[in-house]
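User: I have a model open in my viewer and would love a close look at how its aromatic side chains are placed. Could you walk me through that part, and then show me how it sits within the rest of the chain?

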Amino acid sequence: MGHLRVAVLGPLEVARDGTVVRLGPRQLELLSVLIVELGRPVLASRLVDLLWGPTAGDSAATTLRSHVSHLRRALAGGSPTATAGTVVTTVSTGPGLAYRLDLPPDSLDTHHFERETAQARRLLDGGDLIELPRAAELFGAALARWRGPAFADVADRPFALPEVARLDALRRTARRGHAEALIALGRHGTAVGDLTGAVVDNPYDEGMRCLLALALYIGQRVDEAAEVCRRGTILLRERGMDAPQLQRLQRAILRREDLSLASLTSVVARSAPPPPAAPDLLPPDPPHFVGRTAELALARRLCTVPQRRQILLLTGPAGVGKTSFAVRLAHLLSRDFPDGRLYVNLRGFDPGGSAMTGDEAVRLFLDALRLPPEQVPASAEARAGRYRTLLSGRRMLIVLDNARDAEQVRPLLPGVPGCAVVVTSRQQLPGLVAVEGARPVTLDLLTATEARELLADRLRDGRVAAEPRPVDGIVERCSGLPLALAIVAARAAAHPGFPLAVIGRELAESAGSLDGFAGGDPATDLRSVFSWSYRALGEPAARLFRLLGLHPGPDISIRAAASLAALPDRQVRPVLGELARAQLVMERVPGRYTCHDLLRAYAAELVAVEPEQARHEARQRIVDHYLHSARTADARMSPLRDPITPPPARPGVAPEEPVDNTRALAWFAVEHHVLIRVVELAARYGFDRHVWQLAWALTTFLGRRGHWEDLIAVQNRALAAAERDGDRAARAQAHRDIVVAYSETGRFESARGHLEHALVLLDDLADRVGQAHTLLTLGWVSEKEGDQAAALRHDERALRLFRADGHEAGEARALNAVGWDHAVRGDYQETIRYCQWALALQRRLGDRTGESNSWDTLGYAHHHLGHHRRAARCHRRALALSRDLGHRYNEAEALHHLGDTHQALGDRDSARDCWLNALEILTEMGHPMAEALRDKVAASHGHPRSAPAVAALPAPQPGL
């Protein structure tokens, strides 16, 4: 692949070896997101939200994969080889599939702009006259890289705003530096031209106007210089902002003072009479602040937008670092608010319960603003009015830390534009957002990288770099919570001789509790800090929070929370809302709530003192909810599957009821990780029947999505539970269901062992239908092992057993299996005959999964008979059905075969597109056939890495 150059300082442009790469609108948006997150994986689900938002349909994930494939090809010059795919990398993460852009930083124009600007600033600040021309040259080269607004195509999209704001701020700094260098070199005319454009782009930048006026004045254009100051002062006052620098500079210009660049700072700082010192109540800048780059950029932009009263609301759970963030932000904003910085801790969640009133804070601020005591009004309302009057016409920053509610904050809000307010709270304060127009910013947990940086910054003794594995364990157990990391760092700092592995083991031994984060100071003891939020809850919310300590996580739906608490939906919604406002849970996506592991451990400690009977009933409601929900969802995905009968649900349980295949698939996808943990919970607390029935209900989804290790794990738990339960039919079912996963991961010996156990059990039970299903699976395994004769023999026997029992759904699947066996053996007419019988049955029964398999088998047979157009129609029908069903392997198989047919028809581009999409699916699934298909794709491009593989994919898994 050639060398890529990416330019974002203007409309997005990509060039490969000097040739412009053309991208469609969606590919351009997709690449923009990946550039903003350069080197970091972006979840596919987040990309769907960013690209389509609420209009995203059920096919958005498939469309996204197509866009990624086309973007990869475009960046690679049309090459679909594996090497080309390394620019946009597919990454498997805990929450799901993600994509990452892997480009060296110097491929981006922003890298060169920032490097040149930094070099120029160092030369300019060095004060060496010999270096001034080089500084001006570097500033000019950096600014010449701009072709318009940064990320011009997507500048208004939320994902781009923080980076656009950061780059714009750097551009303004570079323009000022360039002007300073030009003025120092005596190139006043050039400086005036550049600064005139800069002032048009940034009309409220007082410093830029001062430089323009200075350049005009030194260039003997005195009247123009004074006019720049006068107009700037009027413009800023119209927007409710003072302009002291411009006023002082204007006076110096009118007096014809001897001005130079070196004297500018002292001139604009002079005042007669000098103003009183600006109040500054801010705590010191936090010494160990790390990360939060994007959030800081966004917060700075929101606080400095002119023409509006700016109120920023910072929310987040206890211990996430809201105060540190607010104080760091305030220090960064100090130049933007020259008239002072006010700070107060409102003690909204103080352990003593002594929250400060709004009026008490107003009195504190009146004192800081030097209002004489005899002028302080007698009533609270009048005091608030006097406070607002004193703020009028000033540019001040007010930080209201640890607010309990909106009423506590309202008396402290300025009445006119010019000031900015930063409010921090554990509550979401919707009234402040709705009525006062506050802009909310939620602080999340630190990333793993930021957490390591925090530990390294606090310790600074080399232990973090020297012990990466123990550090990983510490970071994981601290859940990215800054306070937890600070507590651990303090313990490590107090014992410099302790290896971090020792501290990591202490945390591991106390896993599931907060013992490792206890301390003598309530402000740094996690239990105490969490308790301040918990004690503010009403009893229904407090009860639900305690019960969440029994839920295995990682998140919970509204309906599941209703079942857990035995409450109707309409009652549990406001309770969850109260928990969310208190930041004890987070609503990351609509209708789903989560909390980090340390809050979960706190809830578990609280619920541990509840009576054992109450805990047992709550756990049973959990497993009842998910079993009955999964049973219903599986029935929508596989309506002809032989059913099971779950035990009756306990009173208060309200299962989910997906109404069709699409919603059932979506429910399983969202609840996937929860369901795996529920199986573990059921096994741990002796709900054996729930264990094997949950495993049964999960089999279709896990198999269709290719989650082989999860399938093996739940079926092994099912085997143990069924054995404890004494249910031989359930044991046989689990033996058979685990085979697919073992076979797909190449563990054929294990697969055959389970099949043998299943056949013995089914023979003892005289279960002919179960035997037939098991024989179909045995035939499929035989084919994967290359024994096609055995495969045909097992499938024909299964067909006879199904027919003898009158089991039409099984008969249809067996007909397709026998048809596939004949296709692999080259007897295509027999394949067509068997598959037509299968299709007739499947259509009558409504077996869409079986129908998709039969259409694909028919297409394969027609392809090899030379009926390529007929084959393409068959494969397209199979593909449409598979996508609608969410059957990933069948989709890949249909795409693979359709690509073969396109190639036979001479349409090589369509063939490559099909193969690439199939390859991506198989790669995501970790399927061994991905390598063979990759070779075929490479061979089609004339770059074979090895002998091209042209064999068909094995038949789809039986019963899925």
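Analyst: Happy to help; what follows starts with the whole chain, moves to the aromatic rings, and then visits the cores, the sheets and one histidine.

Please keep in mind that this is a predicted model. The chain has 960 residues, of which 54% count as buried. Its C-alpha trace spans about 110 × 70 × 55 Å along the principal axes, and the chain contains 42 helices and 14 strands. If you take the contacts with a separation of 6 or more, 67% of them come from residues 24 or more positions apart.

Now to the rings. Searching the whole structure turns up 11 aromatic pairs. A pair of aromatic rings is described by the distance of the centres and the angle of the planes. For Phe113 and Trp146, the ring centres are 5.6 Å apart and the planes stand at 80°, so this pair is edge-to-face. Where do Phe113 and Trp146 lie? Phe113 belongs to helix 4 (residues 109-126), while Trp146 is in the loop between helix 5 (132-144) and helix 6 (161-184), so the pair ties together parts that are 33 residues apart in sequence. Both partners are out of the way of solvent by the accessibility criterion: Phe113 is buried, and Trp146 is buried too.

Further along the chain, one aromatic cluster is made up of Phe530, Tyr534, Phe545 and Tyr602. Some rings also have a charge over them. Arg619 lies over the face of Tyr685, 3.9 Å from the ring centre. In Arg833, the charged end sits over the ring of Tyr834, at 5.2 Å from its centre.

It helps to set these rings beside the nonpolar cores. In soluble globular proteins, nonpolar side chains tend to be buried together. The largest nonpolar core here has 187 residues, and Phe517, Leu526 and Tyr626 have the most contacts inside it. Helix 29 (residues 661-684) gives the most to this core, contributing 11 residues. If you click on Leu526 and set aside its neighbours within four places in sequence, you will find it in contact with Leu481, Leu483, Ala484, Ile487, Leu514, Phe517 and Leu598. There is also a second, separate core of 82 residues, which includes Ala150, Ala160, Met208 and Ala252.

Next come the sheets. One open sheet has 3 strands in the order 12-14-13, with antiparallel pairing. Strand 12 (555-557) and strand 13 (586-589) are its edge strands, each pairing on one side only. On average, neighbouring strands of this sheet are turned by 40° against each other, direction ignored. Strand 13 pairs with strand 14 (residues 592-594) in the antiparallel sense over 2 bridges, and Met586 has Thr594 in strand 14 as its bridge partner. Strands 13 and 14 form a hairpin with 2 residues between them, and Gly591 in the turn has a positive phi of about 85°.

Another open sheet of 3 strands, also antiparallel, runs in the order 1-2-3. Its edge strands are strand 1 (4-7) and strand 3 (19-20), each of which pairs on one side only. Strand 2 (residues 13-16) and strand 3 are paired in the antiparallel sense over 2 bridges, with Val20 in strand 3 as the bridge partner of Ala15.

Finally, a histidine that touches an aromatic residue. His67 is in helix 3 (residues 60-75). Is His67 buried or exposed? Its relative accessibility is 16%, and the cut-off for buried is under 20%, so His67 counts as buried. Not counting residues up to four places away in sequence, His67 touches Arg26, Gln27, Leu30 and Trp52. That tryptophan takes us to helix 2 (residues 44-52), where Trp52 is buried along with Ala44, Leu47, Val48, Leu50 and Leu51. Just after helix 2, Gly53 takes a positive phi of about 60°.

Key. Residues are numbered from 1 along each chain as its sequence is written. Side-chain values use heavy atoms; hydrogens and water are left out. Buried means under 20% relative accessible area, exposed over 50%, partly exposed in between (1.4 Å probe, protein chains only). Helices (H or I, at least four residues) and strands (E, at least two) are DSSP runs, numbered from the N terminus. Contact means heavy atoms within 4.5 Å. Two strands pair if DSSP finds at least two bridges between them. A nonpolar core is a set of buried Ala, Val, Leu, Ile, Met, Phe, Trp, Tyr and Cys residues joined through side-chain atoms within 4.5 Å. Rings of Phe, Tyr and Trp (its six-membered ring) pair if their centres lie within 6.5 Å; planes under 30 degrees apart count as stacked, over 60 as edge-to-face and the rest as tilted. A charge sits over a ring if NZ of Lys or CZ of Arg is within 6 Å of the ring centre and within 35 degrees of the ring normal. Axes are lines fitted to C-alpha atoms, for helices over the stretch in contact, and angles run from 0 to 180 degrees between N-to-C directions.
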